[in-house]
Amino acid sequence: MRTRRTRNQERILTLLKTLNRAVSAQEIFLELRKEGHNIGLATVYRSLEALKLEGVVQSRQLSTGEALYSSTQEDRHHLTCLRCGSSLPIDECPVHELEEQLNQSYRFKIYYHMLEFYGLCTQCQEAIASSTQQDQGAEG
């Protein structure tokens, strides 16, 4: 169900499609200002909320609490490191079948879903292991 969008909503949606990556509201604000659009940060947040309710924008929360926004093109899944904050996209999706079941059972229109796994990336695991070994070596 498409509703009538404001000029700012259209600008934000166009920007998100052009960037083709997840960005913060602050980045959207700065990019639009750089393009010469006189828009406030509060307007960016309101527009993002309206676009999310329409199902054309999705957001995901980083481990830092910051929200990243992107145009809804496909379901996105990530492995996110709690130590360094790196986030790796993964292609496999184990929940498409569940999504269909929920859609049918509850008659709930699902726009998208996100799956986020939190843990430690390889580099952080190695850094922790090496600092643990150094600490143990200093004690002995």
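## Exercises on a predicted model

Gln58 stands opposite Ser70 in β2. The exercises below concern a predicted model, and the opening pair serves as the starting point.

**Exercise 1. Determine how β1 and β2 pair, and describe the hairpin that they form.**

Solution. Begin with the two strands: β1 covers residues 57-61, and β2 covers residues 67-71. Five bridges link them, and the pairing is antiparallel. Next, consider the connection. Five residues lie between the strands of this hairpin, and Gly65 adopts a positive phi near 100°. Finally, examine the covering of β1: four of its five residues are buried, so that the strand is mostly covered.

**Exercise 2. Decide whether Ser70 is buried or exposed, and identify the residues that it touches.**

Solution. Ser70 belongs to strand β2. The cut-off for a buried residue is under 20% relative accessible area. Ser70 has a relative accessibility of 4% and therefore counts as buried. With residues up to four places away in sequence set aside, Ser70 touches Leu16, Arg21, Ala22, Val56, Val57, Gln58 and Arg76.

**Exercise 3. Test the length of helix α3 against its expected span, then establish how its buried residues are arranged.**

Solution. First, the length. Helix α3 (residues 41-54) has 14 residues, which at 1.5 Å a residue should span 20 Å. The C-alpha atoms at its ends are 20 Å apart, in agreement with that expectation.

Second, the buried residues: these are Thr43, Val44, Ser47, Leu48, Leu51 and Glu54. They occupy an arc of only 135° around the axis, and therefore lie on the same side of α3. A general rule helps here: an α-helix has 3.6 residues a turn, so residues three or four places apart point the same way.

Third, the other side of α3, where Arg46 and Leu53 are exposed. The elements covering the buried residues include α1 (7-19), α2 (25-34), β1 and β2. After the helix comes Gly55, with a positive phi near 90°.

**Exercise 4. Identify which residues have the most contacts inside the largest nonpolar core, and which elements give two or more residues to it.**

Solution. The largest nonpolar core has 15 residues, and those with the most contacts inside it are Ile12, Leu16, Ile28, Val44, Leu48 and Val57. Two or more residues of this core come from each of α1, α2 and α3. Take Ile12 as an example. Apart from neighbours within four places in sequence, Ile12 is in contact with Ile28, Leu32, Ile39, Val44, Ser47, Leu48 and Leu51.

**Exercise 5. Give the strand order of the open three-stranded sheet, and name its edge strands.**

Solution. The order is β4-β3-β5, with mixed pairing. The edge strands are β4 (87-90) and β5 (114-119), each of which pairs on one side only. From one strand to the next, the twist averages 25°. Now consider one pair within the sheet: β3 (residues 76-81) and β5 run parallel and are joined by six bridges. In this pair, Arg76 stands opposite Met114 of β5.

**Exercise 6. Locate Asn20 and Arg107 in their loops, and state the sign of phi in each.**

Solution. Most residues other than glycine have a negative phi. Asn20, in the loop between α1 and α2, has a positive phi near 55°. Arg107, in the loop between α4 (96-106) and β5, also has a positive phi, of about 50°. The cut-off for an exposed residue is over 50%. Arg107, at 78% relative accessibility, therefore counts as exposed.

Terms used. Residues are numbered from 1 along each chain as its sequence is written. This is a predicted model: local features need pLDDT of at least 70, side-chain atom pairs count only at pLDDT 80 or more; totals for chains, interfaces and linings use all residues. Side-chain values use heavy atoms; hydrogens and water are left out. Buried means under 20% relative accessible area, exposed over 50%, partly exposed in between (1.4 Å probe, protein chains only). Two strands pair if DSSP finds at least two bridges between them. Axes are lines fitted to C-alpha atoms, for helices over the stretch in contact, and angles run from 0 to 180 degrees between N-to-C directions. The expected span of a helix is 1.5 Å times one less than its number of residues. The arc is that of the directions from the helix axis to the C-beta atoms. Contact means heavy atoms within 4.5 Å. A nonpolar core is a set of buried Ala, Val, Leu, Ile, Met, Phe, Trp, Tyr and Cys residues joined through side-chain atoms within 4.5 Å.
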